[in-house]
Amino acid sequence: MADRSYNAFEMAQSQFDKVADQLDLDEATRDLLRYNAREYHVSIPVRMDDGSFKVFRGYRVQHNDSRGPAKGGIRFHPMETIDTVRALAMWMTWKTAVVDIPLGGGKGGVICDPHNLSMREQEQICRGWVRQLSRDMGPVNDIPAPDVMTNAQHMLWMLDEFETLRGERLPGFITGKPVGMGGSLGRTEATGYGVIFTVREALKALDIPPAKTTASIQGFGNVAQYAIELFNRIGGKTICVSSWDQKDQTSYSFKKSSGVDLDELRGITDRFGGIDKDKAKGLGYEVLPGEAWIEQKVDILIPAALEHQITKENVSKINDSVKIIAEGANGPTTPEADEVISKRGIFMIPDLLANAGGVTCSYFEQVQSNMNYFWDKDEVLGKLDSKMTSAFNAVSELAEKRKLYMRDAAYVIAIGRVAQASKDRGWV
Ligand code: NAD
């Protein structure tokens, strides 16, 4: 998003093309799946706190809904672009397919910076976005969820606006709602925990006991924090994390060789996942440049911040000690860097698989909302573990059998399922 020289949608399409060749997809199927089915560009006028009006630009993209309603988050970011949203929508289609849940792929975004907006102004953006799109979204056609810089409160405002417009209670319209207001227990943890469920399985496949492993993580937001929590629980140690510093407009890495203390770091982190560097220094962390997370001597790297982070410029900095990369973020590795990682024989757990815990739990939330009956947290996380584990196994078995890179195997399964559903419906 921040780097305009790179185009996420072109990258998503080039990943698709590679697999389309492997699957030998016909021309019409390629033409259908290479592009998004529908996209909406909206303007959202907001009366700001000082009385002035400001118009924000927003998007919703629905990539493919052959396997079920489109599903995907809505992000707030000052550098959001339509091509990023297009790429993310396509990736959502593959993600829901690889974990085999009956949903398609979509994504939304609003160009805004919540750091500089009051809660009232953010509420107006949420309500305005829904007002512009309420005719084209809903529990049976397109279901949003939280993503970068949006949270349960934003989802509740969006739900309230949608239900007000429709004149009925429709809790299945949106997921990531607050617990007690239709949200699922375990949703907050789901993506980060899901990443570690797959890391645990990869370690098993590589015959490495988790208790001896170390990790370095980019980001310290929702995904990163819960990944660290579960990684600690299975015996691992995270020695480095990084985050964006809003004041300095740059990122920093925070290193503690004895292992970062999750609660301690949470205590000095703002609501956007930014760690206070002065307080971190005071607590004995080495404060290093933003990119330092990638060059650490660890077993596992987890990019869990933004797309386009492991590139041809920095891939060579990955230490020889690294055995697994688990992509918590969406699209963190460029195709050029991916080729290097594949050649080096590092075990890649690709984004569509590694971070699918969030959408899987969102699906559970929808099921519970529709039933109006809610499971306890252990039940949710148990079901999540079993979905993630079986998706991991299906991908790694195919990779083993056909001697494919893990990312290619995940894509072959996902794109194969979506192509088949589109064909079965008579679309191509
Ligand atoms: P978040 O907003 O909670 O946290 C993002 C973190 O990244 C923050 O700590 C921020 O400081 C850090 N960051 C931002 N820019 C950075 C930079 N240049 N260098 C280092 N750190 C930087 O977001 P999140 O929900 O944790 O999502 C992180 C990634 O995971 C995104 O790519 C998102 O699309 C993806 N993802 C999230 C979910 C989910 O359920 N939250 C699900 C699937 C995928």
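These exercises walk through the sheets, helices and domains of a predicted model.

**Exercise 1. Find the domains**

Task: Which residues does the domain assignment give to domain 1 and to domain 2, and how many residues does each put into the contact?

Solution:
- Start with the bounds. The assignment gives 37–185 as domain 1 and 188–354 as domain 2.
- Next, take the spacing. Their C-alpha centres are 27 Å apart.
- Then count the contact. Domain 1 supplies 14 residues and domain 2 supplies nine residues.

**Exercise 2. Trace the five-stranded sheet**

Task: What is the strand order in the open sheet of five strands, and which strands are at its edges?

Solution:
- Write down the order: β1-β2-β4-β3-β5. The pairing is mixed.
- Look at the ends. β1 (38–47) and β5 (142–146) each pair on one side only, as edge strands.
- Check the twist. On average, neighbouring strands are turned by 20 degrees in the other sheet, and here by 25 degrees, direction ignored.
- Pick one pair. β3 (residues 70–77) runs parallel to β5, with five bridges.
- Zoom in on one residue. G73 stands opposite A145 in β5.

**Exercise 3. Trace the seven-stranded sheet**

Task: In what order do the seven strands of the open sheet lie, and which helix packs on the sheet?

Solution:
- Read the order: β9-β8-β7-β6-β10-β11-β12. This sheet also has mixed pairing.
- Mark the edges. They are β9 (286–289) and β12 (347–349), each paired on one side only.
- Take β6 (residues 214–218) and β10 (residues 300–303). These two pair in the parallel sense over four bridges.
- Find a partner. I217 has I302 in β10 as its bridge partner.
- Add the helix. α7 (residues 222–233) packs on the sheet and touches β6, β7 (237–245) and β10. The directions of α7 and β7 make about 170 degrees.

**Exercise 4. Pack α6 against α7**

Task: Are the axes of α6 and α7 roughly parallel or oblique, and why?

Solution:
- Get the geometry. The two axes come within 7 Å and cross at roughly 55 degrees.
- Apply the cut-offs. Roughly parallel needs an angle under 35 degrees, and roughly perpendicular runs from 65 to 115.
- Conclude. α6 and α7 are therefore oblique to each other.
- Add the hand. The crossing is right-handed.
- Name some residues. The α6 side includes Y193, I196 and F197, while the α7 side includes Y226, L230 and F231.
- Sort by class. The contact has nine nonpolar, four polar and three charged residues.

**Exercise 5. Follow α12 to its two partners**

Task: Which residues of α12 meet α6, and which meet α13?

Solution:
- Begin with α6 (residues 187–206). It packs on α12 at an angle of about 145 degrees, with the axes 7 Å apart. The crossing is right-handed.
- List this contact. G357, G358, C361, S362 and E365 of α12 meet R187, A190, T191 and G194 of α6.
- Give its classes: two nonpolar, five polar and two charged residues.
- Move to α13 (residues 377–402). Its axis comes within 10 Å of that of α12 (residues 357–371), and the two cross at roughly 130 degrees. α12 and α13 are therefore oblique to each other. This crossing is right-handed.
- List the second contact. G357, T360, C361, F364 and Q368 of α12 meet V380, K383, L384, K387 and M388 of α13.
- Give its classes: five nonpolar, three polar and two charged residues.
- Compare the lists. G357 and C361 appear in the α12 contact with α6 and in the contact with α13.

Methods
Residues numbered from 1 in each chain as written. Predicted model: local features only at pLDDT ≥ 70, side-chain atom pairs only at ≥ 80, totals over all residues. Heavy atoms only, no water. Pairing = 2+ DSSP bridges. Axes fitted to C-alpha atoms, helices over the stretch in contact; angles between N-to-C directions. Contact = heavy atoms within 4.5 Å. Parallel < 35°, antiparallel > 145°, perpendicular 65-115°, else oblique. Left-handed = near helix turned anticlockwise from the far one by under 90°. Nonpolar A, V, L, I, M, F, W, Y, C, P; charged D, E, K, R; others polar. Domains from an automatic or database assignment.
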